[in-house]
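Please open the model in the viewer and keep the selection tool at hand. The tour proceeds from one selection to the next.

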Amino acid sequence: MLERRHDSRRGRIFHAILVLPLTGLLVSGDPYAADRERMVREQIESRGIRDAELLRVLRATPRHLFVPIASRSMAYDDHPVPIGYAATISQPYIVALMTDLLAPRKTDRVLEIGTGSGYQAAVLSRLAQQVYTIEIVPELAKSAQRILRDLGYRNVTVQQGDGYKGWPEQAPFDGIMLTAAPPDVPQALIDQLANGGRLVAPVGLGWNQELVLIEKDANGRIRRRSAGGVLFVPMRSGGA
Ligand code: SAH
């Protein structure tokens, strides 16, 4: 009898030790959840992005895991963050704006040029069916591939290579997004856009860039409009 009571108390203590840290983990499982919520409200919704599905995806994508550990505390701030190799993860609002302009549908196949951290590809992958993304820096292509795989983004395929050529084997694409700025939109990418497709790109040299939206109609005709000034890292030409 005495022995049994002793046992059950031991059991309780054991449970308390086991359960407390688990509860703690559940409550504080994502230490950046509040920062992310603030990012969406103060930088994105407040600037006019209204698409509910896009806002939901931005709330669910752990941006801090796509930046170098030393920069994690800046991950949700209102500016781009360096990720090494002269690349940056774009400012959250710019990711939202470009995704909103591209307006991917659940059935779309999307090509991204400039994988960088993999964050934009992760956001696109939750809105489209399949994402293909090309990165010219081998180390970035490798690390983006690893983080996307580890986080379970199974519909993203990363390729190391030169985005100027696009990905002819997988073309045509319903959407194409460039996250590095070429002097003008490469013709190969316009050619790989499906009829009814959309292409979003920062275009121009130096400080003189504008965000361009190209729409290809059902007959293959091109319409081009500007969506304002931006500043992106320049797109490198093959092998540079
Ligand atoms: N979309 C990225 C932002 C990347 S910054 C993100 O979410 O983090 C732009 C990236 O384009 C850099 O990583 C750069 O190395 C890459 N890049 C530059 N020129 C390129 C080219 N010709 N082909 C493919 N990637 C290129």
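Five aromatic pairs occur in the structure, where rings of Phe, Tyr and Trp (its six-membered ring) pair if their centres lie within 6.5 Å. The model is a predicted one, in which local features need pLDDT of at least 70, side-chain atom pairs count only at pLDDT 80 or more, and totals for chains, interfaces and linings use all residues. Residues are numbered from 1 along each chain as its sequence is written, and side-chain values use heavy atoms, with hydrogens and water left out.

Select Phe66, Tyr119 and Tyr153, which form one aromatic cluster. Add Arg63: its charged end sits over the ring of Tyr119, 5.0 Å from the ring centre (NZ of Lys or CZ of Arg within 6 Å of the centre and within 35 degrees of the ring normal).

Next, select Ile49, Leu58, Phe66, Tyr119 and Val123. Of the 50 residues in the largest nonpolar core, these five touch the most other members. Such a core is a set of buried Ala, Val, Leu, Ile, Met, Phe, Trp, Tyr and Cys residues joined through side-chain atoms within 4.5 Å; buried means under 20% relative accessible area (1.4 Å probe, protein chains only). A second, separate core of 19 residues includes Ala180, Leu193, Ala201 and Ile214.

Finally, select the ligand. Which residues are the closest to the ligand? They are Glu112, Ser117, Glu135, Gly163 and Arg236, among 25 that surround the ligand (a heavy atom within 4 Å). A ligand nitrogen atom lies 2.8 Å from a backbone N or O atom of Gly163, and a ligand nitrogen atom is 3.0 Å from a side-chain N or O atom of Asp162.

Definitions and conventions. Phe/Tyr/Trp six-rings, centres within 6.5 Å; stacked < 30°, edge-to-face > 60°. Polar contact = N/O pair within 3.5 Å; in protein donor to acceptor, adjacent residues only side chain to side chain.
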